[in-house]
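Open the model in your viewer and colour it by chain. This tour goes from one interface to a pair of helices.

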4 protein chains.
Amino acid sequence: MIEIKNIGVFTSGGDAPGMNAAIRAVVRTALFNEKKITAIYQGYQGMIEGNFCEMQSRSVSSIIQKGGTILKSARCLEFKTKEGRQTAFENLQKEGIDALVAIGGDGTFTGANLFSLEYGIPVVCIPGTIDNDLNGSDYTLGYDTANNTVIEAIDKIKDTAASHSRLFFVEVMGRDSGCIALNAGVASGAEAILLPEKDTAISELIDMLETAADKNKSSTIVIVAEGDKNGGAYNVEKHVKQKFDYYDTKVSILGHLQRGGSPSSFDRVLATKMGYHAVQELLKGSTRVTIGIRGNKIVTTPLEEALNKSEFKLDEDLVKIAQVMNI
Amino acid sequence: MIEIKNIGVFTSGGDAPGMNAAIRAVVRTALFNEKKITAIYQGYQGMIEGNFCEMQSRSVSSIIQKGGTILKSARCLEFKTKEGRQTAFENLQKEGIDALVAIGGDGTFTGANLFSLEYGIPVVCIPGTIDNDLNGSDYTLGYDTANNTVIEAIDKIKDTAASHSRLFFVEVMGRDSGCIALNAGVASGAEAILLPEKDTAISELIDMLETAADKNKSSTIVIVAEGDKNGGAYNVEKHVKQKFDYYDTKVSILGHLQRGGSPSSFDRVLATKMGYHAVQELLKGSTRVTIGIRGNKIVTTPLEEALNKSEFKLDEDLVKIAQVMNI
Amino acid sequence: MIEIKNIGVFTSGGDAPGMNAAIRAVVRTALFNEKKITAIYQGYQGMIEGNFCEMQSRSVSSIIQKGGTILKSARCLEFKTKEGRQTAFENLQKEGIDALVAIGGDGTFTGANLFSLEYGIPVVCIPGTIDNDLNGSDYTLGYDTANNTVIEAIDKIKDTAASHSRLFFVEVMGRDSGCIALNAGVASGAEAILLPEKDTAISELIDMLETAADKNKSSTIVIVAEGDKNGGAYNVEKHVKQKFDYYDTKVSILGHLQRGGSPSSFDRVLATKMGYHAVQELLKGSTRVTIGIRGNKIVTTPLEEALNKSEFKLDEDLVKIAQVMNI
Amino acid sequence: MIEIKNIGVFTSGGDAPGMNAAIRAVVRTALFNEKKITAIYQGYQGMIEGNFCEMQSRSVSSIIQKGGTILKSARCLEFKTKEGRQTAFENLQKEGIDALVAIGGDGTFTGANLFSLEYGIPVVCIPGTIDNDLNGSDYTLGYDTANNTVIEAIDKIKDTAASHSRLFFVEVMGRDSGCIALNAGVASGAEAILLPEKDTAISELIDMLETAADKNKSSTIVIVAEGDKNGGAYNVEKHVKQKFDYYDTKVSILGHLQRGGSPSSFDRVLATKMGYHAVQELLKGSTRVTIGIRGNKIVTTPLEEALNKSEFKLDEDLVKIAQVMNI
């Protein structure tokens with residue numbers, strides 16, 4: 001094992017609250033261990049362009065409470081080519097960066113894994129995505145904050161829905177993952193939840209809405225994950241209205257505000273733990289693993305395993321509970 | 001002047017934060033003056049259906065901080081007919097209601113004015129609408145809360161916009177009124193604001209965006225009022241993308257969450273003052289007026305004048321300031 | 001095992017955000033299983049006074065987002081006597097209540113355990129306390145919300161501290177447990193954290209503050225847990241000022257606002273899961289256990305074990321990380 | 001009138017949310033008018049020490065939403081001496097600063113007025129203080145945000161107060177001014193409000209609490225302004241407990257969190273307007289005036305008049321309304 005002297009840190013893919021807190025922890029832990037720490041701006045794009053900056057402790061002052069990522073993020077097609085990665089590696093070598101901490105979601109992990117395999121550079125990943133759709137961690141960074149943002153928005157929508165006895169279809173983020181939708185549905189007491197992982201026929205949804213209507217509820221909320229098979233909240237509304245006109249209906253697409261905001265306490269602490277342990281793992285010789293949390297324990301998981309979609313499962317217990325709550 | 005014995009209170013039209021605080025103040029001020037106070041549920045619809053309930057002081061406990069309206073609201077086509085209003089008046093008479101406090105926007109005011117003219121029942125109105133588009137008051141109930149809701153959402157969107165150097169088109173409420181858009185645009189430091197009261201050509205907008213791009217800003221936000229002539233945020237984005245591909249663009253439609261939420265301190269106090277003075281005005285013999293605030297003074301304005309759209313003017317000083325801020 | 005027909009549910013001890021969400025889940029899960037469900041108001045006091053009310057599904061509508069407890073809570077000395085418990089048991093029998101779900105902290109658990117041992121009535125507990133100081137669960141209800149409340153307050157304090165380059169001593173709840181202090185300290189990037197579980201000499205604290213002062217930080221925050229051995233934030237300030245006058249100092253005691261507020265998404269979902277499983281466990285024949293969460297799994301732990309203070313340990317990894325972050 | 005070429009801007013006294021938004025507006029308006037704009041750090045202290053920095057448009061990017069003041073603030077005894085002011089003036093001359101915008105409260109205004117009288121340098125002030133205790137403006141910067149912060153804290157306290165049927169004494173800022181206390185008392189539905197401007201005998205307070213107790217309220221909140229004649233919340237509690245033991249009582253001192261936080265929409269827009277007009281007034285030749293808002297109109301008032309305490313009056317209408325609401 002060659003001694004690490006200079007760790008590069010970057011964020012990539014969709015941004016998530018808590019990324020800044022993780023960057024801060026990576027920087028300070030590296031400095032604590034008397035290593036150089038170099039910021040790579042705009043993810044893989046910045047590697048290819050040589051967009052580097054050496055960090056000091058004060059470089060990450062007062063960022064723990066900020067949403068987004070001070071290192072910026074970008075999609076980078078060029079890194080998917082052999083030539084792009086070659087340029088990236090040469091730039092890292094020139095800069096003296098001999099290990100990486102990558103913060104992001106599945107695309108980030110895939111790139112990091114391939115790059116480390118090809119060039120032998122040690123990489124440890126931190127799961128940063130509001131979708132919570134990676135194996136190897138009970139929680140990804142940003143998921144808790146996004147859940148709070150979503151329920152605060154739905155609490156507001158319920159005020160107006162109740163004043164007019166309306167039916168709202170609220171679309172939340174999650175193209176492949178129903179985590180936010182399921183969580184927000186339970187937390188906001190929604191009457192129905194449509195998830196990418198489950199086929200819910202419109203007729204089945206209408207049955208649920210008729211049950212709710214019989215109970216004379218003041219408002220009715222249907223949570224629709226972006227990736228629901230019926231094609232999103234507008235389509236669901238259209239289909240429901242054709243067969244069920246009991247209610248005045250409205251659609252709300254929460255959109256990108258779900259990605260922003262000051263991270264929750266949970267995400268700040270999780271990010272700090274993960275950033276710390278990412279550096280410690282690198283220094284212990286780990287590579288091609290992601291940091292994760294299981295209960296209160298920090299764990300590592302090989303990237304290949306973290307990326308294995310077939311292992312990622314929706315919380316079926318919570319799906320069942322959501323139904324019981326609508327008795 | 002006949003002595004008032006039983007005041008009916010109702011909310012009508014779109015709900016707005018602060019309506020509950022106003023209801024509370026109306027109820028308690030009536031009781032303080034030893035008058036009966038009767039809730040009319042679902043606005044004019046409830047008058048026609050005789051949906052009444054006598055209120056006590058405790059009926060309005062712990063509602064000051066709640067969004068929406070506990071009296072519910074509804075659109076009511078029947079009240080637009082002579083027969084509908086006749087039924088409504090007969091129901092009020094049966095219940096002994098001899099004066100009204102109406103809380104709502106321009107539709108509510110129009111109905112209240114006509115009804116009072118036809119049947120001689122005294123009516124005092126309270127302006128409750130997030131649109132701030134009524135004469136006779138510097139502020140309508142709910143406007144301040146909606147502004148805070150909007151800027152909190154935009155602050156979140158800016159986090160993610162800055163992380164990806166994106167251009168966001170954020171659509172806010174305001175079909176005829178640019179108040180929220182202008183206010184939110186200034187308060188969030190937006191690069192451009194499209195208002196229903198102003199024609200902004202797409203070419204002009206693109207000029208502004210090019211100026212912003214030259215300054216190498218980390219993110220760019222365009223606020224689009226619902227009623228902007230270019231047809232809403234999605235249309236604006238489409239037109240801009242045809243001619244200007246500097247940026248990755250996204251659209252966010254804030255939607256109905258703008259109507260909900262716990263009222264701000266400003267709206268709670270304003271609602272309390274307005275509710276108190278609405279009852280005092282009724283008891284002094286006023287009718288067909290709206291309560292308003294001018295500076296720190298509560299004032300009354302005849303309903304006809306409050307409804308005169310030609311007198312309602314956008315804050316041109318603020319439009320100018322918004323431009324200066326984008327130097 | 002005798003079939004359970006009527007479950008009593010109550011909250012006791014200090015209130016915590018999420019208690020209402022747990023009550024809602026208990027009520028609806030009982031009804032789903034076709035059991036009667038009876039609210040017991042004001043905890044053990046209500047048992048002794050026979051303060052009962054049968055609950056329906058609608059009795060718990062729109063409470064999931066509310067802080068506090070709709071069932072009220074009270075300290076009850078009488079329940080600590082044999083006679084008090086005898087009266088309580090007789091009242092439960094009269095009401096037909098043959099099983100209990102108790103929501104609260106260590107005092108609640110102790111009472112529940114004793115009562116069940118004495119009278120044979122099955123009891124399942126739910127850990128509801130912001131202190132997170134019970135064995136058997138990674139998280140207690142209300143802890144996550146309290147953490148968010150605390151860091152939002154500290155973020156505000158940092159704004160003013162930084163404007164004046166001040167040193168703030170912020171006292172947070174936790175008489176025996178440093179969980180909130182440690183968590184808030186890490187999440188807010190505090191310069192020092194004083195915990196009941198650790199003796200931190202004032203001289204040691206002054207060393208830390210001198211280090212911070214050398215780094216020319218814009219503000220300095222010391223988090224003091226209520227139960228810190230130096231006697232709370234005012235005492236710490238007094239001792240520090242005697243020896244170290246580098247800074248203008250201020251004290252802030254966050255106090256009871258830490259107990260209130262709408263529960264976070266995390267607490268709402270956790271409460272819903274715990275309430276559901278508490279009833280399921282009762283129906284499966286469990287007694288004298290607490291529901292808990294370990295990672296993403298709901299688990300049960302015997303009450304004796306949950307109450308064993310010697311097993312409860314501070315997160316030493318996080319204590320170490322907090323120090324590294326202050327490099 | 002000599003042409004102004006270089007405007008100095010500073011904040012002084014207690015910080016207030018919205019100061020940064022005002023600084024941004026001053027900077028950009030000066031640049032729009034093709035003037036140099038120089039930041040003076042730490043208020044009058046910075047003038048004496050020559051702590052200056054020329055500002056560009058980008059120097060104030062992304063500060064509109066931040067609490068505190070990026071220019072820092074400090075108390076400065078030296079500026080109260082003739083020598084101190086002489087040094088300050090010489091430093092301004094060396095730097096070429098020929099006009100000033102001062103943002104702060106009454107101490108700031110007093111200093112600015114004297115300095116301008118002595119040295120002839122034009123000064124325009126912006127009222128920035130959460131206390132709202134200056135003549136010449138319906139609202140000072142930061143007051144609206146502080147009110148929101150206070151009611152959010154009290155809403156949380158009410159959750160826990162109601163769960164235990166407790167009586168809370170909540171102390172809010174305001175040594176000489178009862179504005180925050182009165183406003184927060186009305187907005188949170190408090191049962192009693194103790195103001196510096198009014199003598200409320202403890203016996204009178206106890207009468208009010210007995211009335212509240214008779215109504216069987218779930219919780220009782222007494223707002224105590226810092227400057228109340230009875231000596232603050234702890235003293236009030238002590239006196240009340242001696243004569244009235246109906247309730248379990250608690251005290252909460254909100255403290256410095258009231259000064260921080262992201263400014264409300266109202267404060268951001270007000271700050272932007274005031275900053276813009278402060279520069280415009282300087283360029284028009286105004287001096288020794290403060291900018292203010294009356295209704296929706298920006299106005300100016302001579303500093304002497306703004307500082308005249310005898311003209312500043314509590315909103316007596318609102319005091320009366322507060323009592324009516326407690327029927």
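How many residue pairs are in polar contact between chain A and chain B, with both residues at pLDDT 80 or more? The count is 12. Keep in mind that this is a predicted model.

**Stop 1: chain A against chain B**

Select the residues of chain A and chain B that touch. You should have 31 residues from chain A and 31 residues from chain B. About 2,400 Å² is buried between these two chains. Carbon and sulfur atoms give 51% of that area. Now look for salt bridges across the interface of chain A and chain B: the rule finds zero.

**Stop 2: the chain A side**

Hide chain B and stay on the face of chain A that touches it. Two elements of chain A give two or more residues here: helix H5 (143-164) and strand E9 (249-253). Select H5(A), which gives the most, with nine residues. Then colour this side of chain A by class. You get seven nonpolar, 17 polar and seven charged residues.

**Stop 3: chain B meets chain D**

Bring chain B back and show chain D. Select helix H9 (residues 265-284) of chain B and helix H5 (residues 143-164) of chain D. Their axes come within 8 Å and cross at roughly 85 degrees. H9(B) and H5(D) are therefore roughly perpendicular to each other.

Show side chains at the contact. From H9(B), pick B:Ser265, B:Phe266 and B:Arg268. From H5(D), pick D:Asp144, D:Asn147, D:Asn148, D:Ile151 and D:Asp155. By class, the residues of this contact between H9(B) and H5(D) are two nonpolar, three polar and three charged.

Notes
Residues are numbered from 1 along each chain as its sequence is written. Chains are lettered from A and ligands numbered from 1 in the order in which they are written. This is a predicted model: local features need pLDDT of at least 70, side-chain atom pairs count only at pLDDT 80 or more; totals for chains, interfaces and linings use all residues. Side-chain values use heavy atoms; hydrogens and water are left out. Contact means heavy atoms within 4.5 Å. Buried area is the accessible area (1.4 Å probe) that two parts lose on being put together, summed over both. A salt bridge is a side-chain nitrogen of Lys or Arg within 4 Å of a carboxyl oxygen of Asp or Glu. A polar contact is a pair of N or O atoms within 3.5 Å; within protein, one must be able to donate a hydrogen and the other to accept it, and residues adjacent in sequence count only if both atoms are side-chain atoms. Helices (H or I, at least four residues) and strands (E, at least two) are DSSP runs, numbered from the N terminus. Ala, Val, Leu, Ile, Met, Phe, Trp, Tyr, Cys and Pro count as nonpolar, Asp, Glu, Lys and Arg as charged, and the others, Gly among them, as polar. Axes are lines fitted to C-alpha atoms, for helices over the stretch in contact, and angles run from 0 to 180 degrees between N-to-C directions. Angles under 35 degrees count as roughly parallel, over 145 as roughly antiparallel, 65 to 115 as roughly perpendicular and the rest as oblique.
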